[in-house]
Amino acid sequence: MISRDHPRYHSLIQREKITDAWRKGILADSGMIAHGRGEAFDYLLGEETTEPARKAIKAAAAALILAENPVISVNGNTAALVPAEVVELAGEIGGKIEINLFHRTEKRVKLIEEVLREHGASEVLGTGKLMHIDGIMSPRATASPEGIYSADTVLVPLEDGDRTEILRKSGKTVITVDLNPLSRTSRMASISITDNIVRAVPALIDAVRELRDAPREELEGILRKFDNTENLRETIKLLDIRRYNPEIESP
Ligand code: PTJ
């Protein structure tokens, strides 16, 4: 039992969810390593939603509302940390949920499907036969025919760079959540939200609710104004290695 007074309470709760999910077989082994890398970036960014992340969340909400066929991709880490929030967001945007794994095994797909259904998902794609996007015969190019394959906009949290590139090349709007602003995924995406998924998805739900009734031109204007490269540049400026120990001189 982790005490709420512990200074690292939120971080410890996430670790507990991640290790639980690993024990149950939901998380890939390297999901723990990925979480550790994310944690390090989160630490350097102050463990809060930064101003550039807020802008990216607003742009992502506009893109999801404007989308005709939005799909949320779920992997092991997402299922471990925000299963209920993913189901809620899909409901808000009228979107589909697809399990799409880097380290795919039928057992993990089944376990993640169970988690999503326990949290209220009525339809979960990616559990059956997959197709190859644009005929690219790479395991990174697979997608469900009714889901990511035919989507115009995809939210792909904690994604691999190759896959993000394939999705972009196929003409889709790609939204990622990735705490590493230097990653290829962050650079390749149409909109990168550099924030912890545990904060980003709830903030995205709020932003969708706020913007849902906005005129189409306003939503298109938000998207036009958003510049992913500039947003990442602003985020990188915020990375501060002295954040928790300001008396240490930076080099
Ligand atoms: O469940 P699978 O089989 O699909 O595998 C999922 C992982 C995450 C293991 C796989 O996609 C992978 O290896 O990803 P990478 O290449 O390690 O990238 C994960 C990215 O997510 C890294 O840049 C991390 O900084 C970032 N990250 C980790 N935890 C979080 C995060 N970003 C946002 N929120 C987090 N909680």
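**Ligand surroundings and the position of Thr194**

In this predicted model, a polar backbone atom of Gly76 lies 2.8 Å from an oxygen atom of the ligand. A polar backbone atom of His103 is likewise placed 2.8 Å from an oxygen atom of the ligand. A nitrogen atom of the ligand is 3.1 Å from a backbone N or O atom of Leu179. The ligand on its own exposes 740 Å², of which 92% is buried by the protein.

The ligand is located in the largest pocket. Two or more residues of the surrounding shell are contributed by each of the elements α2 (29-44) and α4 (76-81). With six residues, α2 provides the largest share of this shell. There are 22 residues around the ligand, and those that come nearest are Gly76, Phe102, His103, Arg108 and Asp178. Gly76 and His103 thus appear in this group as well as in the backbone contacts to ligand oxygen described above.

Thr194 was examined separately. This residue is found in the loop that runs between β7 (191-193) and α9 (197-211). Thr194 is classed as buried because its relative accessibility is 3%, the cut-off being under 20%. When neighbours within four places in sequence are set aside, the contacts of Thr194 are Leu45, Ala53, Asp178, Leu179, Pro181, Leu232 and Thr235. Among these contacts of Thr194 are two residues already mentioned, Asp178 and Leu179. Asp178 is one of the residues that come nearest to the ligand, and Leu179 supplies the backbone atom 3.1 Å from the ligand nitrogen.

Definitions and conventions: Residues are numbered from 1 along each chain as its sequence is written. This is a predicted model: local features need pLDDT of at least 70, side-chain atom pairs count only at pLDDT 80 or more; totals for chains, interfaces and linings use all residues. Side-chain values use heavy atoms; hydrogens and water are left out. Helices (H or I, at least four residues) and strands (E, at least two) are DSSP runs, numbered from the N terminus. Buried means under 20% relative accessible area, exposed over 50%, partly exposed in between (1.4 Å probe, protein chains only). Contact means heavy atoms within 4.5 Å. A residue is near a molecule or strand if one of its heavy atoms lies within 4 Å of it. A polar contact is a pair of N or O atoms within 3.5 Å; within protein, one must be able to donate a hydrogen and the other to accept it, and residues adjacent in sequence count only if both atoms are side-chain atoms. Accessible areas come from the Shrake-Rupley method with a 1.4 Å probe; for residues, only the protein chains shown count as cover. On a 1 Å grid over the protein atoms alone, a cavity is a set of points where a 1.4 Å probe fits but cannot get out, and a pocket is an open set with protein on both sides within 12 Å along at least five of seven lines; lining residues have an atom within 4 Å of a point. A molecule sits in a cavity or pocket if more than half of its atoms lie within 2 Å of its grid points.
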